[in-house]
Structure formats: structure tokens, C-alpha cells
Amino acid sequence: MRRSPADVVKRYVLLDQKGARLDASSFDTVMPYVEWKEEPAWGHIVVVQKTTVSEDYRQWEIVNNLEVIIPVTFQVRGSVYLETASFVPEDRTEEVRFHVKVVGNYWRILSPVIPPHVGLRRMVSFARDAALHESDDIQRTVLTDLIESLRKAN
């Protein structure tokens, strides 16, 4: 409990932005910050430009001295739908309220379990890497188109 609950949320959101939840093997990276034990399969990834975690406790909902709800604001650029490898632009602001509680001696995020919120640059490099390792020409073309549409969102 040495860290503030906002620090835990900040670290989780930063790791998510850097792509820590893009594949199952990297979920271990965020496990110290969350109470759930596995990542659900997601059909889409939210692409974000900027994230703000409220550090001002006056903006939090304080349930008790061991439990708080902290608002996080995401500047969303759109979503990548994994089944079609397509980007749908949608500039909007999204607020998510993270429920954080002391579990054992550590602050942990209890909810919500939201789809990955990945930074735009990281999403481009993730798609680029997928295209490099893709053996199917049609699928590689689809990924190349995805990269181009993500770059246009920048």
C-alpha cells in the first residue's frame, strides 16, 4: 500500500497503452495491478491518443479508506476490429471509472475489465509486425491496408 491507488491505475493504463494486453503471453505484465486472473478474448482494440488518470482524490469516489473509484479519461481515435483487421475511426472522449481496492497489502483494480486501450503508434507497430510474419498474401494486404488507415488517423 505504499503506492497511491492512482499510481496503480496509471501503471496499468500505461502498460495497456504500450500493448501489454495484445497477446496472452504478455498478460503477466499487468497481473500485479489487477484482481482478475485471465484476459477475456476481445473482438476489438480501442486505439487511444492520450490517457489521463485523475490524481486528485477530490475527483475520486471514496468508498472507504481501502477502496476507491478513480476516473480515467481516454482520447479515443477509433477501434481495430480483429476479425476483419479493419480500423474504424471515431474521435471521442471516453471516461472509465476504475474500482480499486486493497487486496492483501496491495492496491488492485477490481473492475472494469475493458478491451485493450492501445496507443496509436503501438497499434501501427503491432500491425506492421503481424504483416511481416504473415505468409498469406491476401492477409498481408489486409494488414497493410490496416497500417495505412491507422497512419491516416495520426
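Of the 154 residues in the protein, 44% are buried. The model is a predicted one. Three helices and six strands make up its secondary structure. Along the sequence they follow the pattern α-β-β-β-β-β-β-α-α. Taken along the principal axes, the C-alpha atoms fill a box of roughly 55 × 30 × 20 Å. The protein exposes about 8900 Å². Carbon and sulfur atoms supply 50% of that area. Among contacts between residues at least 6 apart in sequence, 63% join residues at least 24 apart.

Start with helix α1, residues 5-17. How far should its 13 residues span? At 1.5 Å a residue, the expected figure is 18 Å. The end C-alpha atoms of α1 are 18 Å apart, so the model agrees with the expectation. Both ends of the helix have a local feature to look at. At the start of α1, Ser-4 brings a side-chain oxygen to within 3.0 Å of the backbone nitrogen of Ala-6. Just after α1, Gly-19 takes a positive phi of about 95°.

Next, the buried residues of α1. They are Pro-5, Ala-6, Val-8, Val-9, Tyr-12, Val-13, Leu-15, Asp-16 and Gln-17. What do they pack against? The strands among their partners are β1 (44-53), β3 (67-81), β4 (86-103), β5 (106-111) and β6 (117-119). Helix α2 (120-132) is a partner too.

One buried residue of α1, Tyr-12, leads to the aromatic rings. A search of the whole structure finds two aromatic pairs. In one of them, the rings of Tyr-12 and Trp-36 have their centres 6.1 Å apart. Their planes stand at 90°, so the pair is edge-to-face. This pair links distant parts of the chain. Tyr-12 sits in helix α1, and Trp-36 sits in the loop between α1 and β1, 24 residues apart. Both Tyr-12 and Trp-36 are buried.

Tyr-12 also pairs with Phe-98. Here the centre-to-centre distance is 6.1 Å, the angle between the planes is 70°, and the pair is edge-to-face. Phe-98 belongs to strand β4 and Tyr-12 to helix α1, so this pair ties together parts that are 86 residues apart in sequence. Tyr-12 and Phe-98 are both buried. Ring pairs thus join Tyr-12, Trp-36 and Phe-98 into a cluster.

The loop between α1 and β1 also holds Ser-26. Is Ser-26 buried or exposed? Its relative accessibility is 17%, so Ser-26 counts as buried, the cut-off being under 20%. The side chain of Ser-26 reaches the backbone oxygen of Asp-23 at 3.0 Å. Leaving aside neighbours within four places in sequence, Ser-26 is in contact with Gly-19, Ala-20 and Arg-21. Gly-19 is the residue with the positive phi just after α1.

Now move to helix α2. It has 13 residues and reaches 19 Å from its first C-alpha to its last. That is close to the 18 Å expected at 1.5 Å a residue. Which residues of α2 are buried? They are Leu-120, Met-123, Val-124, Ala-127 and Ala-131. These residues cover an arc of only 100° around the axis, which puts them on the same side of α2. The spacing has a simple background. An α-helix has 3.6 residues a turn, so residues three or four places apart point the same way. The face of α2 turned away from the buried side carries the exposed residues Arg-121 and Leu-132. The buried residues of α2 pack against β1, β3, β6 and α3 (137-153).

Helix α3 completes the tour. Val-142 lies in this helix. At 25% relative accessibility, Val-142 counts as partly exposed, since that class runs between 20% and 50%. Val-142 and Ala-131 are 11 residues apart along the chain, and their C-alpha atoms are separated by 8.6 Å. Ala-131 is one of the buried residues of α2. Leaving aside its neighbours within four places in sequence, Val-142 is in contact with Thr-84 and Ala-85.

How values were computed. Residues are numbered from 1 along each chain as its sequence is written. This is a predicted model: local features need pLDDT of at least 70, side-chain atom pairs count only at pLDDT 80 or more; totals for chains, interfaces and linings use all residues. Side-chain values use heavy atoms; hydrogens and water are left out. Helices (H or I, at least four residues) and strands (E, at least two) are DSSP runs, numbered from the N terminus. The expected span of a helix is 1.5 Å times one less than its number of residues. Buried means under 20% relative accessible area, exposed over 50%, partly exposed in between (1.4 Å probe, protein chains only). Contact means heavy atoms within 4.5 Å. A polar contact is a pair of N or O atoms within 3.5 Å; within protein, one must be able to donate a hydrogen and the other to accept it, and residues adjacent in sequence count only if both atoms are side-chain atoms. The arc is that of the directions from the helix axis to the C-beta atoms. Rings of Phe, Tyr and Trp (its six-membered ring) pair if their centres lie within 6.5 Å; planes under 30 degrees apart count as stacked, over 60 as edge-to-face and the rest as tilted. Accessible areas come from the Shrake-Rupley method with a 1.4 Å probe; for residues, only the protein chains shown count as cover.
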